[in-house]
Structure formats: C-alpha cells, structure tokens
Amino acid sequence: MDLRQHDAEVQEAYATWLDFGTRLGFAASLVAFVLYVSGAMPSYLPLEALPRYWGLPVGEFLRQTGAPAGWGWLQRLGDAEYLNLACMALLGLVTALCYARIVPVLLRLGERLQAALALAQIAVLLAAVSGFFAGG
Amino acid sequence: MEAAAAHWWIWPLALFAVSFAIGIVAVLGGIGGGVLFVPIVGGFFPFHLDFVRGAGLVFALAGTLAAGPTLLRNRMASLRLVMPLALAGSVASVAGAVVGLSMSAETLQTALGFTVIAIGLLIAASKDAYGGAVESDALGAALRMKGDYVDPAAGARIDWRTHRTLAGFGAFAAIGFLGGLFGLGAGFANVPALNLLMAAPLKVAVGSSGLIISIINSSAAWVYIHRGALLAILAVPAVLGVMLGSRIGARLLAVTPAATVRRVVVVVMLLAGGRALLRGLGLWT
C-alpha cells in the first residue's frame with residue numbers, strides 16, 4: 001500500500017468520527033440553549049440577574065455568584081447553563097476522540113512516527129481536559 | 001440596571017447576528033473568525049473580556065470542526081502536515097491561555113488592539129505564494145510532509161511537499177501562544193506560515209489551517225472551561241451563529257471576488273483593533 005492510500009484511509013477514519021461528533025455537539029447545543037432561554041429548565045443564576053455579573057472579571061464573577069470552577073460544573077448538570085457548558089465541552093473532546101480513532105489505523109499501516117505524534121497530541125489534550133494546565 | 005435586567009435577551013440575539021455575519025466573512029476570508037469576534041464583542045458588548053476570549057475560542061473551534069470532514073475528504077487538509085504542527089501549537093496555546101487569564105483586561109485590550117491592527121495591515125500587504133514546488137528538508141522528509149489533491153479549477157492532480165520544517169514548528173508555537181492568549185483562532189497567521197514559509201499550496205494551506213485551529217483550540221478551550229470563563233449565554237449563541245453563517249459563507253465563496261473579501265476583512269480588523277486599543281488605553285471606555 002502506498003503513502004497516498006495510507007493518507008486516504010487515515011483521513012477518512014478521522015473525518016467520519018469528526019463528522020459524527022460535530023453534528024452531535026451542535027444538535028445538543030441547540031436543544032440545551034432552547035431549554036435555557038425558554039426557562040423550561042431551571043438555571044443556577046436567573047437570566048434577569050446575569051447582566052449584573054457578566055461584566056465582571058472571571059474571578060470576581062465566581063466569587064460573587066458562587067458559580068463552580070474546575071470540574072464543579074459536572075455536579076450542576078441539572079442547571080441549564082451547565083448543561084450548555086457540557087455541550088461546549090463535548091466540542092472540546094471531539095478532536096481527542098478523532099485522534100484516538102486513528103492511532104490503531106496508523107499502527108496497522110506501520111506509520112509509527114505518526115502514531116507517536118497522535119498519542120502525544122492525545123496526552124496534551126487529556127492534560128488540558130483534566131484541568132492540569134488550569135490548576136483546576 | 002432594571003432595564004438591563006429586563007432586556008438581557010437582546011445580547012444573545014445580537015451575538016447570534018454578529019456571529020452569523022462573522023461566520024460568512026470568516027469563510028470568505030479564509031480565517032477562523034476569532035480575530036474578528038474577540039475585538040468586536042469585547043469592544044461593543046457588555047461582557048468582560050475573560051468571557052469574550054473563552055467564547056472566541058469555542059466560536060473558532062465550532063466553525064473549524066464543522067468544516068473538517070469536507071476538507072479531509074477532498075484532501076484540502078492534510079493530517080500528515082497538520083499533526084506535528086498542531087502538537088507544537090497546542091502546547092503553546094495552553095501556555096498562552098494560562099498567561100492570558102493572569103493579565104489585566106486593560107493590558108490585554110491594548111495588546112489585542114496592536115496585534116489585530118498589525119495583522120490587518122499584514123493581510124492588506126501580503127500576496128499569495130504558489131507553493132508546492134520545493135524539495136523537502138531532512139525533518140520534513142522524515143515526517144513525510146507531502147501529499148496531493150485534485151484541483152477542480154486546474155482539472156489536475158497537484159503533488160506537493162513542504163520545506164523549512166523547523167521554522168514552521170517555531171511559527172506554529174508562536175501562533176498557538178497568541179491564539180491561547182487572546183482567544184483567537186489564529187487562522188490569519190496559519191495560512192501565511194503554511195503557504196509563504198513552508199511552501200504548501202494555498203488551498204492545502206487554507207484547508208489545513210482550519211484543521212490546525214480545531215486541534216489547538218480544543219486544548220485552550222479546556223483552560224477556560226476549568227477557570228469558569230465560558231459563559232453559556234455568550235458562547236452558545238456565538239457557536240450557533242457561526243455555524244449558520246459559515247454554511248452561507250461557503251456558498252458565497254464561489255461567487256465573491258477574493259479582492260473584495262480581503263478588503264472587507266482588513267477594514268473590519270482595523271476598526272475592531274482600533275476599538276480594542278482605545279479601550280485598553282482608557283481613551284474610549
């Protein structure tokens with residue numbers, strides 16, 4: 001198998017997962033936002049109160065509202081704004097999942113250097129996801 | 001304050017409209033759109049810049065993720081080219097995001113204003129290079145940074161390879177740092193780095209730039225999520241607007257002259273950069 005066929009197979013595997021993850025992320029974001037602004041779901045901060053806080057630096061915002069940082073938002077998925085945040089987080093995970101998908105493909109094709117690069121990228125993404133860089 | 005509380009819904013609606021318009025212009029200009037979104041929303045909307053930058057990253061992330069499958073399948077984006085450069089850029093972007101959240105809003109607004117104006121002038125002055133017809137350097141050959149694509153306009157398969165790989169790594173580390181610092185997609189700088197510096201053909205540079213933005217911003221976005229700097233009322237309308245606008249922009253791309261697009265992008269960047277600069281200097285709050 002030549003380099004061109006390798007590339008085609010790897011790119012198709014990445015594109016398939018990227019397509020699915022992106023469509024899912026956007027559909028979920030749309031539904032979650034409608035639930036949020038329609039008031040169909042309870043929110044942590046009432047929408048009418050938000051203008052008092054959204055002009056504050058993030059540290060002051062968290063202090064005055066008591067809103068969660070780090071992974072604290074995961075415990076508040078029953079509040080509409082954090083369900084919306086989960087949809088944004090899903091978009092932030094799609095790339096790592098696509099990389100994870102192509103690692104076995106690259107190894108099977110004997111592309112060890114590319115596979116190592118993909119694993120290193122996954123490590124960086126997972127470190128960011130874990131909050132390692134944010135101190136959270 | 002009572003009036004502002006009663007009319008909170010105006011801002012997400014306006015954000016959706018602005019993001020929709022930027023989505024159209026961004027596709028036409030071959031940029032991620034964060035470079036327009038952050039100064040415009042930071043300058044004219046009531047949200048703090050911390051939240052605007054977080055939304056700017058997600059904004060550019062959403063647009064580029066959505067375009068990725070098409071770009072990969074028609075080989076306008078090359079994973080072989082993207083993977084090493086995106087790795088350098090994503091490490092640097094996380095560092096930029098951490099530094100950005102530690103700086104004062106005034107300092108950031110001033111630096112953002114200078115940066116955006118400089119980039120606008122750079123785009124106005126730059127020309128496109130043909131690219132592709134070079135010999136690989138040793139590092140580029142080891143990483144097999146080459147590929148091909150079918151150009152419908154030329155009706156031919158174009159083979160390409162890149163050079164100046166080490167300089168390319170340095171450029172993408174610097175671009176990633178600025179992207180994380182300001183919450184920009186940084187596509188404005190990716191394309192010249194890939195095309196002018198590394199000699200990738202322009203179409204491959206534009207396509208691969210989008211994929212690089214999606215990877216780099218995936219890392220930086222998590223810094224903002226963990227710091228609590230992603231506000232749903234700001235980020236979600238921006239994401240929905242840019243998605244819709246990008247689809248329209250992709251259709252308009254075929255019929256809009258490139259020179260017109262370039263002029264539109266430069267004018268908007270100069271206005272938005274000037275506003276950020278004046279705000280940062282305390283001359284127009």
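The crossing of helix α1 of chain A with helix α4 of chain B is left-handed, a label used when the near helix is turned anticlockwise from the far one by less than a right angle, with clockwise giving right-handed. Helix α1(A) spans residues 3-38 and α4(B) spans residues 49-73, and the two pack at an angle of about 155° with their axes 8 Å apart. The axes are lines fitted to C-alpha atoms, for helices over the stretch in contact, and the angles run from 0 to 180 degrees between N-to-C directions. The pair α1(A) and α4(B) is therefore roughly antiparallel; angles over 145 degrees earn that name, while those under 35 count as roughly parallel, 65 to 115 as roughly perpendicular and the rest as oblique.

Who takes part in this packing? From α1(A) come Q11(A), E12(A), Y14(A), A15(A), L18(A), D19(A) and T22(A), and from α4(B) come L65(B), A66(B), G68(B), P69(B), L72(B) and R73(B). Contact here asks for C-beta atoms, placed from the backbone, within 7 Å of each other. Sorted by class, the contact of α1(A) with α4(B) holds seven nonpolar, three polar and three charged residues. In this sorting, Ala, Val, Leu, Ile, Met, Phe, Trp, Tyr, Cys and Pro are nonpolar, Asp, Glu, Lys and Arg are charged, and the others, Gly among them, are polar.

Before going further, a word on the model. It is a predicted one, in which local features need pLDDT of at least 70 and side-chain atom pairs count only at pLDDT 80 or more, while totals for chains, interfaces and linings use all residues. Residues are numbered from 1 along each chain as its sequence is written, and chains are lettered from A and ligands numbered from 1 in the order in which they are written. The model scores ipTM 0.90 and pTM 0.83. Chain A has an average pLDDT (the predictor's confidence in each residue, from 0 to 100) of 91, and 96% of its residues score at least 70. For chain B the mean is 81, with 84% of the residues reaching 70 or more. Within chain B, α1(B) has the lowest mean pLDDT of the elements, 60, and α5(B) the highest, 88. Where pLDDT is low, the predicted coordinates should not be read in detail.

Now step back to the whole interface, to which 55 residues of chain B and 57 residues of chain A contribute. On the side of chain B that touches chain A, the elements giving two or more residues are α1 (2-6), α4, α5 (79-100), β1 (146-151), α10 (202-226) and α11 (232-252). The largest share of that side, 11 residues, comes from α4(B). By class, the side of chain B that touches chain A has 40 nonpolar, nine polar and six charged residues.

Another place to look is where α10(B) meets helix α3 of chain A. The axes of α3(A) and α10(B) lie 8 Å apart at an angle of about 140°, and the two helices are therefore oblique to each other. Their crossing is left-handed. The contact is made by L85(A), A89(A), G92(A), T95(A) and A96(A) on α3(A), and by S214(B), I215(B), S218(B), A221(B), W222(B) and I225(B) on α10(B). Those residues divide into seven nonpolar, four polar and no charged.

Helix α3(A) also has a partner inside chain A. With α4(A), residues 112-130, α3(A) packs at an angle of about 155°, the axes being 9 Å apart. These two helices are therefore roughly antiparallel, and their crossing is left-handed.

Finally, turn to chain B itself, which has 12 helices and two strands; helices are DSSP runs of H or I with at least four residues, strands runs of E with at least two, numbered from the N terminus. Of the 285 residues in chain B, 62% are buried, meaning that 20 or more other C-beta atoms lie within 10 Å of their own, with 12 or fewer counting as exposed, anything in between as partly exposed, and C-beta atoms placed from the backbone. In helix α3(B), residues 34-44, 10 of the 11 residues are buried; among them are F37(B) and I40(B). R75(B), in the loop between α4 and α5 of chain B, has a positive phi near 65° without being a glycine. R75(B) counts as buried because it has 21 C-beta neighbours inside 10 Å.

Methods: Two residues are in contact if their C-beta atoms, placed from the backbone, lie within 7 Å.
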